[in-house]
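Thanks, everyone. I will take one residue, then another, and finish with the chain as a whole.

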Amino acid sequence: MGSNFLSSINDLGFGFLGYLVPFLFVLTIVVFFHELGHYLIAKANGIKVLTFSIGFGPEIVGFNDRSGTRWKLAAIPLGGYVKFFGDENAASVPDQAAMSGLSETERRQTFPGQSVAARAAVVAAGPLANFVLAIAIFAGIFMLHGKQTTTPRIDSIQAGSAAESAGFAVGDVVVAIDGRRIESFADMQRIVSGAAGQTLRVEIDRNGTAKTLDVVPTLREMKDNFGNIHRLGVLGISRSMAPGDLKTESVGPIAAVRMGAEETWFIVERTLSYIGGIVVGKENADQLGGPIRIAQVSGQVATAGIVALLHLAAVLSVSIGLLNLFPVPLLDGGHLLFYAIEAVRGRPLSERAQEVGFRIGFALVIMLMIFATFNDILHLASS
């Protein structure tokens, strides 16, 4: 019994590290580049940077560079921040008391002392850096592995499926969906998976004859290789695996960047579509995940190798960049909203109004984290 107990403890410890290490690897990359975007544009505008932190809470290790910036790794690895001269805290709330005692030369080194355009550029640089990172990772993967495509030819049709009801036939080649050109079976899957219950107009080539069919993908729960459940739209068809339908093309740097940008935009589009679906009641919010889900998925993906883990980092980078652009006070998008109002009014909102906004934003972020963590726990309990 003692031996089995020790074995269970060892397995638990190994499993925990198996999730923790990939999770920290992925999150650190994403957070570092996000904060690096803020840092670089701030330095370009002559702003003094006091702190560059990966994580929150007590410092684990750090150093000061020649310009006086404290670079540090903190104990709670759930984000990071860059603190500028003139900030009261990590959320870039101006320290009015300190600002009032500065000379004009010193004020020009502060973040609050910059023009609206400069402050907006510094804030927007964080999410932009996330998108650039994602494009770079996707481009690198495309250059390394090439573009693997499967001709969108139908090899089989499930009985009673949406495809059978719509009149699809074996051998049909999908040419376009709702006017969007389809070059591979994966292109078709991407559109269909997010269109459950929606009518799609599909253009096909049937033995050289062009036809148009209307089809409504069916919503189906599917398990991935790690046992995670996903709800996707399906037509009930399978791809052709004939040698002539499988292709791998090498990809040059320019094409890889373009494809990386397209991949990034696809994630943005799908994310916004999902959030919009939640708002109007078409999607279930139980797919929202938090740190626990990210850690679990990171551990699972890590078993597939470093390329798969980097791919996850790119997807997470897009998600974090997009989330930070939401107009919620405390997030980058909230700051940009305040700056837009300031630009229109010709003066910033009152300190009281900004303080109330940040409190509301903080409450919303905390509620979202609690909800996502609750979803994570339910997901673990049901897996």
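Aspartate 332 sits in helix H10, which covers residues 332-345. Keep in mind that this is a predicted model.

Is aspartate 332 buried or exposed? Aspartate 332 is buried. It nevertheless forms no salt bridge. The nearest side chain of opposite charge belongs to arginine 119, and that one is 13 Å away. A salt bridge here would need a side-chain nitrogen of Lys or Arg within 4 Å of a carboxyl oxygen, so arginine 119 at 13 Å does not qualify.

What does aspartate 332 touch, then, if we leave aside its neighbours within four places in sequence? The contacts are His34, His38, Val123, Pro127 and Asn324. For the charge count, His is not included, so His34 and His38 do not enter the search for an opposite charge.

Now the second residue, phenylalanine 23. Phenylalanine 23 is part of helix H1, residues 2-44. Its relative accessible area is 7%, and because buried means under 20%, phenylalanine 23 counts as buried. Where does alanine 302 lie relative to phenylalanine 23? In sequence the two are 279 residues apart, but their C-alpha atoms are 9.2 Å apart in space.

On to the whole protein. There are 11 helices and 12 strands. Of the 383 residues, 37% are buried. Among contacts with a separation of 6 or more, 61% are between residues 24 or more positions apart. The exposed area comes to about 20,700 Å², and carbon and sulfur atoms supply 63% of that.

That is all I have.

Methods: Residues are numbered from 1 along each chain as its sequence is written. This is a predicted model: local features need pLDDT of at least 70, side-chain atom pairs count only at pLDDT 80 or more; totals for chains, interfaces and linings use all residues. Side-chain values use heavy atoms; hydrogens and water are left out. Helices (H or I, at least four residues) and strands (E, at least two) are DSSP runs, numbered from the N terminus. Buried means under 20% relative accessible area, exposed over 50%, partly exposed in between (1.4 Å probe, protein chains only). Contact means heavy atoms within 4.5 Å. Accessible areas come from the Shrake-Rupley method with a 1.4 Å probe; for residues, only the protein chains shown count as cover.
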